[in-house]
Amino acid sequence: MKITLILLAATALFAGCVPTSQLKQSQAESAALREDNRKLTDKDNDLESNITRLKSDISALKSQIEILDGQNSVLGKQAANDQNKLNQSQGNLQVEQERLLRLQKLLAQQRAQSDALKNKMSEALNGFSSSDLTVTEKNGKVYVSLSENLLFASGSAVVSTGGTEALSKLAAVLNLNTDIAVNIEGHTDSIPIRGRYQDNWDLSTSRANAIVRILVNNYKVDPLEVIASGHSKFDPIDTNTTPDGRAKNRRTEIILSPKLDEMYKLLSAS
């Protein structure tokens, strides 16, 4: 602006005494200078605008950087948390794998014990007829099934001589294998009982109790390992509509189970 005023003053000062050609030249140069000044002013304005825009861009970038830093911090914490969870999961998986291996080992031991027990019982009781006594294995347990014909007279809970002999051989095996739980189950057919017993529940329970007393009192089987129960007619193995089926249902089952204390502890461990 100052340059423009100086040019105008100079032009007015020398207008009266300068030749026309020089005046025109001076005016042309003055116009050129004014144009240059305008251009410089425009450039200056553009630079100012660019500076303002750049400052705004810088401010926006700083804001974005702060946001990204915050997100990065959150992601870092999440990654650390995820890593901790992964480490914990891997640790839990290893523990569960070890428990599974131990459980498989215990199951294998149980099967081996059951197989050995079945063989010992079969050998000890091999002198009895298969129609009166059977030894089978199912679900890791050994089932010694004794018919009514071997153990009792009809409607009675007094163990016969042949039954007592069978129980003595069974007790001999149990006393050599003290880690065996013994469950004695009495079963009847569906024909209602008459006589001294109130019903088939009473008869089946009395028969189971009679066998327990012989095992414990006569042959010193550990009473803490023996359980007696009566099932009446409600757990048949054959039909009750035929004489042969009813005869099979009138039985006493002695169920022998290797103790599973270690397995139960392992399964209940958190």
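This is a short tour of a predicted model, going from its sheet to the helices that pack on it and then to three residues.

**Stop 1: the whole sheet**

Start by showing the strands alone. You should find an open sheet of five strands, ordered E1-E2-E5-E3-E4, and its pairing is mixed. At the edges are E1 and E4, each of which pairs on one side only. From one strand to the next, the twist averages 20 degrees. As background while you look, strands of a sheet pair through backbone hydrogen bonds, either parallel or antiparallel.

**Stop 2: the E1-E2 hairpin**

Now select residues 133-138, which form E1, together with residues 141-147, which form E2. E1 and E2 pair in the antiparallel sense over six bridges. To check the register, label two pairs. Thr136 has Tyr143 in E2 as its bridge partner, and Thr134 has Ser145 in E2.

Next, move to the turn. Two residues sit between the strands of this hairpin, and Asn139 lies in that loop between E1 and E2. Which sign does phi take at Asn139? Phi is positive, about 55 degrees, although Asn139 is not a glycine. Switch on a surface here and you will see that Asn139 is exposed, with a relative accessible area of 70%.

**Stop 3: across E2 to E5**

Keep E2 on screen and add residues 251-258, which are strand E5. E2 and E5 run antiparallel, joined by six bridges. For a landmark, pick Ser147, which stands opposite Arg251 in E5. Is E2 mostly covered or mostly open? E2 is mostly covered, with six of its seven residues buried.

**Stop 4: the helices on the sheet**

Bring in helix H4, residues 161-176, which packs on the sheet. H4 touches E1, E2, E3 (180-187) and E5, and its direction makes about 5 degrees with that of E5. Then add helix H5, which also packs on the sheet and touches E3, E4 and E5. The direction of H5 makes about 160 degrees with that of E4.

**Stop 5: Arg207 in H5**

Stay with H5, residues 200-218, and centre on Arg207. Is Arg207 buried or exposed? Its relative accessible area is 3%, so Arg207 counts as buried, the cut-off being under 20%.

Show the side chain and draw two distances. One runs from the side chain of Arg207 to the side chain of Glu148, a polar contact at 2.8 Å. The other goes from the Arg207 side chain to the backbone oxygen of Ala153, at 3.3 Å. To see the surroundings, select the residues in contact with Arg207, leaving aside neighbours within four places in sequence: Glu148, Phe152, Ala153, Ser154, Gly155, Ser156 and Ala157.

**Stop 6: Lys220, after H5**

Finish in the loop between H5 and E4 (226-230), where you will find Lys220. Lys220 is not a glycine, yet its phi is positive, about 60 degrees. Lys220 has a relative accessible area of 63%, which means that it is exposed, the cut-off being over 50%. If you would like a last view, show Lys220 with Asn139 from the hairpin: Lys220 is exposed, and Asn139 is exposed too.

How values were computed:
Residues numbered from 1 in each chain as written. Predicted model: local features only at pLDDT ≥ 70, side-chain atom pairs only at ≥ 80, totals over all residues. Heavy atoms only, no water. Buried < 20%, exposed > 50% of the residue type's maximum accessible area, 1.4 Å probe, protein only. Helix = DSSP H or I, 4+ residues; strand = E, 2+ residues; numbered from the N terminus. Pairing = 2+ DSSP bridges. Polar contact = N/O pair within 3.5 Å; in protein donor to acceptor, adjacent residues only side chain to side chain. Contact = heavy atoms within 4.5 Å. Axes fitted to C-alpha atoms, helices over the stretch in contact; angles between N-to-C directions.
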